[in-house]
Amino acid sequence: MSSDPDRNERMEKIVSLCKRRGFIFQSAEMYGGLNGCWDYGPLGAELKRNLKNYWWQKNVVERDDIVGLDGSILTHQEVLKASGHVGGFSDPMVDCRTCKARFRADQVAEQRCPEKPSRNPQENGCDLTEPREFDLMFKTSVGASSDEGAVAYLRPETAQSIFVQFKNVLETSRQKLPFGIAQIGKAFRNEINPRNFTFRSREFEQMEIEFFCRGEDGLRLTDEWLEARIAFYEQIGIPRDKLHVLDVPDGERAHYSSKTYDIEYDFPFGVQELEGVAYRTDYDLKKHGEASGKPIEYFDEATKEKLVPHVVEPSAGCDRTVLALICEAFDEESVTGDKGKEEARTVMRFDPKMAPVKCGVFPLLKNKPELVAKAKEVKALLAPLMNVFYDETGAVGRRYRRQDEIGTPFCATIDFDTVGENGPELEGTVTVRDRDSMAQERVKIAELPGYIAGKMA
Ligand code: ATP
């Protein structure tokens, strides 16, 4: 929560729109909700998929030096012992002796006392315990046996399977240093205080690259990845001036890192981390080599030397980026309606690449079979190429508003000109209305796929 009431109100409107229009629902809402877990509705699922596809396209498909991996979520306990997570992946927690609420010790000042939400626990003089370590990993057991040997964990980050599969990937993909392995997938952390909508969840998705290199290149590549990742956020519609870079100081970085940048976004609830770009040195590969007794080494054909690669890790939060896209897109404005009256317009200004629906397709009137048939033809033309939404109910102005509210960048209306009722001049064309400028232009149906694709480049 921010101390600025306007920002809080904006966030409340965003959360409410997400539910009302089917972007994000609380998990198990009808049973009172599962805290820290979220379900993406029809539009949220599309938005998230667009983000993940674009990230994969840019980082894997279009690059020769990065390959993909899709590792298991259930993780062998020895993997997480070697990485330092078992016994070491915890946050300090304090309890309130009066109301029994639990807070992350290093974030007490940013949290609210449940008894007095206008204050944080310190301001309220709450009776807090000394900090104790709280294990963030979800533990489970595999198979019918419940002894220690059957213990496994839900992965707390996707990175570890990349390190553990390094040799297999190297041998099968025949990459040469520097090269990367990328992965998108779920990670789980039993966060003490899930909050700020989906920002801090217990189940979330990461988009991670482990970029392996020689030690002497580590710091330079960390700087280069930082720039590349900032450029990525700009490409998906997050402006540079809303992004902040934190050069994480000594003493605050993870134990394995000798350099970390946090890329932060100016959310309505404050400037918060979207992604960490960390130079993890050769820590992980060395640890897994030692713990397994199978050293992980790279043989350099040119110099005939064996070395343990170092690694630079751009680790982005998928859910946090979706939330940033939603926060950035949300806009309200006053426009002059059909009858000359001022009316409020809520519009999600998604970059067209990210927009869940790319084009609304409307017959002007639903009781004119020739318009409906033509509109269905247009829908069938576009549907194999992009997500389109067919809508024939209500006035066209209201249909535009409904699409504005979910961020559809284009709407194509099929009218009497389209079917040639007013002469041959405009036959076979539709009116395309632009979400942001609200300007309309006539476009030939055959050119519509290219017209929309051109705006998504
Ligand atoms: P924080 O300091 O916010 O707890 P972190 O520094 O522990 O995050 P990393 O371990 O660097 O996070 O994880 C990489 C990325 O994964 C983060 O930048 C974030 O986008 C995402 N992430 C981490 N924890 C969560 C969470 N609980 N909910 C949603 N996304 C998360």
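Colleague: Let's start at the end of H7: which residue follows H7, with a positive phi?

Modeller: Bear in mind that this is a predicted model. Phi there is positive, near 75 degrees. The residue that comes right after H7 is Gly-293.

Colleague: And H7 itself, which of its residues are buried?

Modeller: Helix H7 covers residues 283-292. Its buried residues are covered by elements that include helix H3 (77-82), helix H4 (159-164), helix H5 (166-173), strand E11 (203-213) and strand E14 (270-281). The buried ones are Tyr-283, Asp-284, Leu-285, His-288 and Gly-289.

Colleague: You mentioned H4. Why does Gln-160 count as buried?

Modeller: Gln-160 sits in helix H4. The cut-off for buried is under 20% relative accessible area. Gln-160 counts as buried because its relative accessibility is 2%.

Colleague: Leaving out residues up to four places away in sequence, what does Gln-160 touch?

Modeller: Two of its partners, Asp-284 and His-288, are also among the buried residues of H7. The full set that Gln-160 touches is Val-79, Leu-80, Ser-83, His-85, Arg-280, Asp-284 and His-288.

Colleague: Zooming out, how far apart are the C-alpha centres of domain 1 and domain 2?

Modeller: The domain assignment puts 4-75 + 157-326 in domain 1 and 357-455 in domain 2. Their contact takes 7 residues from domain 1 and 6 residues from domain 2. Centre to centre, in C-alpha terms, the distance is 38 Å.

Colleague: Which three residues supply 62% of the area that domain 1 buries against domain 2?

Modeller: Between the two domains about 540 Å² gets buried, and carbon and sulfur atoms give 47% of that. No other three residues of domain 1 supply more of its buried area than Arg-21, Leu-43 and Glu-46.

Colleague: What about charges: which side chain meets Arg-20 in a salt bridge?

Modeller: The rule finds 2 salt bridges across the interface of domain 1 and domain 2. For Arg-20, the N to O distance is 2.6 Å, inside the 4 Å cut-off for a salt bridge. Its partner is Glu-405.

Colleague: Which element gives the most to the side of domain 1 that touches domain 2?

Modeller: Across the interface there are 3 residue pairs in polar contact. On the domain 1 side, the elements giving two or more residues are helix H1 (5-20) and helix H2 (42-61). That side divides into 3 nonpolar, 1 polar and 3 charged residues. With 3 residues, the element that gives the most is H2.

How values were computed
Residues numbered from 1 in each chain as written. Predicted model: local features only at pLDDT ≥ 70, side-chain atom pairs only at ≥ 80, totals over all residues. Heavy atoms only, no water. Domains from an automatic or database assignment. Contact = heavy atoms within 4.5 Å. Buried area = accessible area lost by both parts, 1.4 Å probe. Polar contact = N/O pair within 3.5 Å; in protein donor to acceptor, adjacent residues only side chain to side chain. Helix = DSSP H or I, 4+ residues; strand = E, 2+ residues; numbered from the N terminus. Nonpolar A, V, L, I, M, F, W, Y, C, P; charged D, E, K, R; others polar. Buried < 20%, exposed > 50% of the residue type's maximum accessible area, 1.4 Å probe, protein only.
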